[in-house]
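Student: I have a model open and want to learn how to read its features. Where do we begin?

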Amino acid sequence: MGCAQIIGVMVSESLSQDAPGAIMPPWRKRDEMWLATRSLLQPDPSSGRGRLRLHIDKKAAAQLSTPKLLSTTSGYTQIESKKAMKARGIKSPDRAEAVLLALYEPEPLYKPRNRGLLN
């Protein structure tokens, strides 16, 4: 057995810290996960290759590109909700969310303490 730790994710919670200077600051945790995955898959302008390549099926690829990008009145970026997608006749993006959760890196539960100059 590996030493993986299962960590619950509350996608509706606010972010614990703002990203200063972010071009598209996310509104909630769910938006942060979508935007982070989107940036990992975007091609680098200099090389034309993404930082991450995924081998996924067509359904998951379609689901990753389905939600619309919205913005709040306060300037935050929001990903279209499941309820809004359902109103457009689109099913829940379950495979896309599995990709998001697989790539998600939460903040450490226990932050290391500074003990001195070397630690």
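Tutor: Begin with a pocket; keep in mind that this is a predicted model. The second largest pocket has 16 lining residues. T37, R38, L41, L64 and S65 are the ones nearest its centre.

Student: Which elements give two or more residues to that lining?

Tutor: Two helices do: α1 (29-41) and α2 (58-64). The largest share comes from α1, with five residues.

Student: How do the lining residues divide into nonpolar, polar and charged?

Tutor: Count by residue class. The lining of the second largest pocket has 11 nonpolar residues, three polar and two charged.

Student: What volume does the second largest pocket have?

Tutor: About 290 Å³.

Student: Now the fold. How many helices and strands are in the protein chain?

Tutor: List the elements, then read their order. The protein chain has four helices and two strands. Along the sequence the pattern is α-α-β-β-α-α.

Student: Let me try single residues. Where is T72 found?

Tutor: Place a residue by the elements on either side. T72 sits in the loop between β1 (69-71) and β2 (77-79).

Student: Why does T72 count as buried?

Tutor: Compare its relative accessible area with the cut-off. Buried means under 20%. T72 has 17%, so it is buried.

Student: What does T72 touch, leaving aside neighbours within four places in sequence?

Tutor: T72 is in contact with W27 and Q78.

Student: Take S92 next. Is S92 buried, partly exposed or exposed?

Tutor: Use relative accessibility again. Partly exposed lies between 20% and 50%. S92 has 37%, so it counts as partly exposed. Its place is in the loop between α3 (82-87) and α4 (94-103).

Student: Which residues is S92 in contact with, beyond four places in sequence?

Tutor: Q63 and K82. You can also compare sequence separation with distance in space. S92 and S81 are 11 residues apart along the chain, and their C-alpha atoms are separated by 9.6 Å.

Student: And the chain as a whole? What share of its residues is buried?

Tutor: Of the 119 residues in the protein chain, 21% are buried. The chain exposes about 9,600 Å². Carbon and sulfur atoms supply 55% of that area.

Student: What share of the contacts joins residues 24 or more positions apart?

Tutor: Mind the base of the percentage. Among contacts in the protein chain with a separation of 6 or more, 51% are between residues 24 or more positions apart.

Terms used
Residues are numbered from 1 along each chain as its sequence is written. This is a predicted model: local features need pLDDT of at least 70, side-chain atom pairs count only at pLDDT 80 or more; totals for chains, interfaces and linings use all residues. Side-chain values use heavy atoms; hydrogens and water are left out. Buried means under 20% relative accessible area, exposed over 50%, partly exposed in between (1.4 Å probe, protein chains only). Contact means heavy atoms within 4.5 Å. On a 1 Å grid over the protein atoms alone, a cavity is a set of points where a 1.4 Å probe fits but cannot get out, and a pocket is an open set with protein on both sides within 12 Å along at least five of seven lines; lining residues have an atom within 4 Å of a point. Grid points are joined across faces, edges and corners, and a volume is the space filled by probe spheres set on the points. Ala, Val, Leu, Ile, Met, Phe, Trp, Tyr, Cys and Pro count as nonpolar, Asp, Glu, Lys and Arg as charged, and the others, Gly among them, as polar. Accessible areas come from the Shrake-Rupley method with a 1.4 Å probe; for residues, only the protein chains shown count as cover.
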